[in-house]
Amino acid sequence: MRDDRVFAETVRISFYLILGLMTVVFIFSKFMGDKVVVTNVLLMLTFIPALSLITALPLAQRRIKFLILAVLAEMVLAYYLAFHS
Amino acid sequence: MAKFLLVLDDTERGKIAFQKIYELAKQGLRGEVFLLYIREMEIPPFVSEEKEMSAYHRLMTQSIEKLEKYKKELENVGLVVSDVKVAFGSYADRILMLEREIKPDLIVVGLKKRVVSRLFGKDPCEILLKKSRANLLICRG
Amino acid sequence: MEMEAFIFLFSLVIGIIAPLSGVGGGVMFVPLLTAFSGINVDYIRGGGVMVALASSLTSSPTAIKRGFTNLRMVLPLILISNLTAFGGGYLGLYISREFPEGKHYITLMLGLLLAFILFIMSTTERVEFPEPKGRDKICSFFQMEGECFEPSIGKDIRYSASNTTIALAMFAFVGLVAGMFGLGAGWANVPVLNLVMLLPIRVAVATSMLIILLNTSIAAWVYMAKGAVLPEITVPAILGMTIGSKIGAELTLRVSPRIIRSAVMFILLIAAATNIIKGVMGIAGIT
């Protein structure tokens with residue numbers, strides 16, 4: 001299915017991009033003593049699943065679209081409860 | 001003619017099974033033998049298909065060479081080797097799959113238990129005893 | 001810098017042996033580090049969740065492209081386990097922070113859980129190609145099925161989910177435990193997918209990875225929000241695990257898993273015993 005392939009490709013590309021960024025930022029943070037930027041990059045890593053689901057959404061069948069939206073809604077709620085409550 | 005499924009692999013239990021049927025053939029056992037050579041593998045699903053296929057190809061060549069030697073020795077003592085097969089995967093599952101296909105009169109396997117393996121997990125022979133419908137000859141080392 | 005180097009090497013070794021032994025990296029990372037290092041259990045669990053996420057991000061794309069799993073298979077399961085994983089993350093941090101001996105209780109529970117995991121791993125048989133039952137309503141509605149080429153038998157196989165209602169209840173519990181201990185959940189997902197939902201073993205492993213990918217980020221946010229994800233632990237751990245798992249995957253093409261699996265389980269048994277002893281001593285006030 002095309003939605004699966006787009007999902008997989010988004011996961012793969014964004015993971016390696018963020019992994020590279022994380023490594024560079026971590027090395028710099030050792031000299032600058034700033035941990036916040038590294039933590040933010042780690043937070044970006046946790047957004048990959050949601051981002052990949054969003055990219056797969058337009059190509060998914062109707063029933064699967066509904067499931068993707070439900071999972072994304074759960075993620076938004078969990079994010080809100082974790083950081084803003 | 002009786003049909004035997006002789007299970008070989010790259011461990012001690014394969015040698016044990018081979019030795020037993022070899023000795024029995026020397027004492028007069030006759031029949032048709034199907035040789036199954038199992039390479040126990042658990043390749044995770046995230047290995048690329050090309051790499052997996054090339055690993056199977058390399059292992060297949062090595063295993064066929066070994067099987068040819070076993071085949072000659074068995075034929076020298078009077079057994080008829082009807083076919084040979086190399087399988088990659090779980091020991092018990094691959095035997096059961098082939099059993100369904102060729103319906104042998106007797107399956108010959110070796111048994112060599114290690115202390116650590118005994119602690120964690122079932123021996124494939126236990127699974128065969130539970131699930132196989134054929135007669136089993138389990139040869140102890 | 002010494003701690004970062006230690007964590008990197010530790011994760012590299014775990015990354016190498018995880019694919020070889022069939023025991024997940026997350027399951028090894030948290031209990032072993034808790035047992036054999038002086039790092040606070042909360043930070044280890046925070047790192048463990050991120051390691052589990054990174055492992056699944058590395059491995060899932062290839063498994064999906066090969067057809068071993070797909071979104072239709074996992075989304076109904078995720079919907080349930082996401083909720084419990086989130087609750088589990090909160091519950092774990094609540095116990096360790098709100099009670100005076102909370103972190104010792106968590107260490108003790110981690111040891112007991114690991115012993116239970118070892119019990120499951122050593123008593124359940126993995127079946128390569130289980131016979132599927134008829135499709136149930138959930139499976140038919142969401143088309144929880146797929147097709148892939150299985151090189152070991154040289155042909156395409158079709159797979160579909162069975163017993164989905166029972167499996168959903170099981171995944172709710174697994175999500176809770178995984179979130180609570182930051183373990184990843186392959187140790188429980190794979191037997192449920194293989195023996196209850198009757199999926200072929202490689203499909204079960206791939207589906208478990210995709211489940212972990214989709215529900216670990218939720219648990220990770222709980223740990224991040226509470227300040228339990230330390231870059232000094234998490235970054236070297238992710239790097240070590242990513243490099244290690246690439247090496248480990250190559251080695252699976254050459255090495256038989258049986259002996260390595262037994263050796264890893266023996267080490268985990270020692271880790272379980274150490275965590276139980278540490279937890280009991282901590283609760284009793286003996287340090």
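Author: Buried area is the accessible area that two parts lose on being put together, summed over both. Keep that in mind for this predicted model.

Reader: What makes about 3200 Å² the buried area of chain C and chain B?

Author: That is the accessible area the two chains lose on being put together, summed over both, so it counts as buried area. Of it, 56% is on carbon and sulfur atoms. On the chain C side, C:Glu125, C:Leu253 and C:Arg258 lose the most area to chain B, together 21% of what that side buries.

Reader: Why is the pair C:Arg202 and B:Glu52 called a salt bridge?

Author: The cut-off is 4 Å between a side-chain nitrogen of Lys or Arg and a carboxyl oxygen of Asp or Glu. Here the closest N and O atoms are 2.7 Å apart, so the pair qualifies. Across this interface the rule finds four salt bridges, along with 10 residue pairs in polar contact.

Reader: Which helix of chain C gives the largest share of the side that touches chain B?

Author: Helix 11 does, with seven residues. By type, that side of chain C divides into 18 nonpolar, nine polar and nine charged residues.

Reader: What makes A:Leu53 a good place to look at the largest nonpolar core?

Author: A:Leu53 is listed with A:Phe7, B:Leu6 and C:Leu214 as having the most contacts inside that core, which has 113 residues. Helix 9 of chain C brings the largest share, 17 residues. Beyond its sequence neighbours within four places, A:Leu53 is in contact with residues including A:Phe7, A:Met75, C:Leu71 and C:Leu214.

Conventions
Residues are numbered from 1 along each chain as its sequence is written. Chains are lettered from A and ligands numbered from 1 in the order in which they are written. This is a predicted model: local features need pLDDT of at least 70, side-chain atom pairs count only at pLDDT 80 or more; totals for chains, interfaces and linings use all residues. Side-chain values use heavy atoms; hydrogens and water are left out. A nonpolar core is a set of buried Ala, Val, Leu, Ile, Met, Phe, Trp, Tyr and Cys residues joined through side-chain atoms within 4.5 Å. Buried means under 20% relative accessible area, exposed over 50%, partly exposed in between (1.4 Å probe, protein chains only). Helices (H or I, at least four residues) and strands (E, at least two) are DSSP runs, numbered from the N terminus. Contact means heavy atoms within 4.5 Å. Buried area is the accessible area (1.4 Å probe) that two parts lose on being put together, summed over both. A polar contact is a pair of N or O atoms within 3.5 Å; within protein, one must be able to donate a hydrogen and the other to accept it, and residues adjacent in sequence count only if both atoms are side-chain atoms. Ala, Val, Leu, Ile, Met, Phe, Trp, Tyr, Cys and Pro count as nonpolar, Asp, Glu, Lys and Arg as charged, and the others, Gly among them, as polar.
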